[in-house]
Amino acid sequence: MDLNLKNKVVVITGGAHGIGLATRKAFEAEGALVEVIDINPEGDHFVGDISKREVLEDFSQYVLNKHKNIDILINNAIPQMRGIDECSYEDFEYSMAVGVTAPLAKNGISAF
């Protein structure tokens with residue numbers, strides 16, 4: 001399949017390292033314009049925790065002011081990697097905020 005990704009705007013959550021970084025590089029190699037948000041402060045991306053509503057709103061404004069639209073959203077941010085029997089209520093809430101709320105938030109990154 002031949003996808004034309006030149007100048008398509010791609011948002012990747014959790015894109016500063018690992019699979020997210022590899023995904024970013026692959027899209028950029030195809031000519032896409034990639035915006036990344038990650039909690040890792042190292043790198044050239046928007047730094048923030050997508051479990052926080054104000055961070056989602058700030059990132060949304062940043063991307064929309066720069067590009068006016070989003071063509072592709074990749075929710076790669078991963079919540080804590082522990083079983084439900086090993087996490088606190090707060091850990092569970094955080095995992096839900098990162099993995100469920102952020103990608104579905106009306107005023108969050110999926111509002112593009």
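The following exchange concerns the fold, cores and helices of a predicted model.

In this predicted model, local features require pLDDT of at least 70 and side-chain atom pairs count only at pLDDT 80 or more, whereas totals for chains, interfaces and linings use all residues. Residues are numbered from 1 along each chain as its sequence is written, and side-chain values use heavy atoms, with hydrogens and water left out.

Reader: In what order do the elements of the chain run from the N terminus on?

Author: Helices (H or I, at least four residues) and strands (E, at least two) are DSSP runs, numbered from the N terminus. The chain has 3 helices and 4 strands. From the N terminus on, the order is β-α-β-β-α-β-α.

Reader: Which strands stand at the edges of the sheet?

Author: Two strands pair if DSSP finds at least two bridges between them. The 4 strands form an open sheet with parallel pairing, in the order β3-β2-β1-β4. A strand with a single partner has one side left without a neighbour in the sheet, so the edges are held by β3 (46-47) and β4 (72-75).

Reader: What is the bridge partner of Val10 in β4?

Author: β1 and β4 run parallel and are joined by 4 bridges. In β4, the residue bridged to Val10 is Ile72.

Reader: Which helix gives the most to the largest nonpolar core?

Author: A nonpolar core is a set of buried Ala, Val, Leu, Ile, Met, Phe, Trp, Tyr and Cys residues joined through side-chain atoms within 4.5 Å; buried means under 20% relative accessible area, exposed over 50%, and partly exposed in between (1.4 Å probe, protein chains only). The largest such core has 12 residues, including Val9, Ile37, Phe59 and Val98. At least two residues of this core come from each of β1 (9-13), α2 (53-67) and α3 (89-104). With 4 residues, the helix that gives the most is α2.

Reader: How many degrees of arc do the buried residues of α2 cover?

Author: The buried residues of α2 are Val55, Leu56, Phe59, Ser60, Val63 and His67. They lie on the same side of α2 because their arc, taken from the directions from the helix axis to the C-beta atoms, is only 135°.

Reader: Which exposed residues does the opposite face of α2 carry?

Author: An α-helix has 3.6 residues a turn, so residues three or four places apart point the same way. On the face of α2 turned away from its buried side, the exposed residues are Arg53 and Asn65.

Reader: How far apart are the end C-alpha atoms of α1?

Author: The expected span of a helix is 1.5 Å times one less than its number of residues. For the 12 residues of α1 (residues 18-29) this should come to 16 Å, which agrees with the separation of the end C-alpha atoms, 17 Å.

Reader: Against which strands do the buried residues of α1 pack?

Author: Gly20, Arg24 and Phe27 are buried in α1. They line one face of the helix, because they fall within an arc of 70° seen down its axis. The strands against which they pack are β1, β2 and β4.

Reader: Is Leu5 buried or exposed?

Author: Leu5 is placed in the segment before β1. Leaving aside neighbours within four places in sequence, its contacts (heavy atoms within 4.5 Å) are Phe27, Glu30, Gly31, Ala32 and Ile72. Its relative accessibility is 14%, so Leu5 counts as buried.
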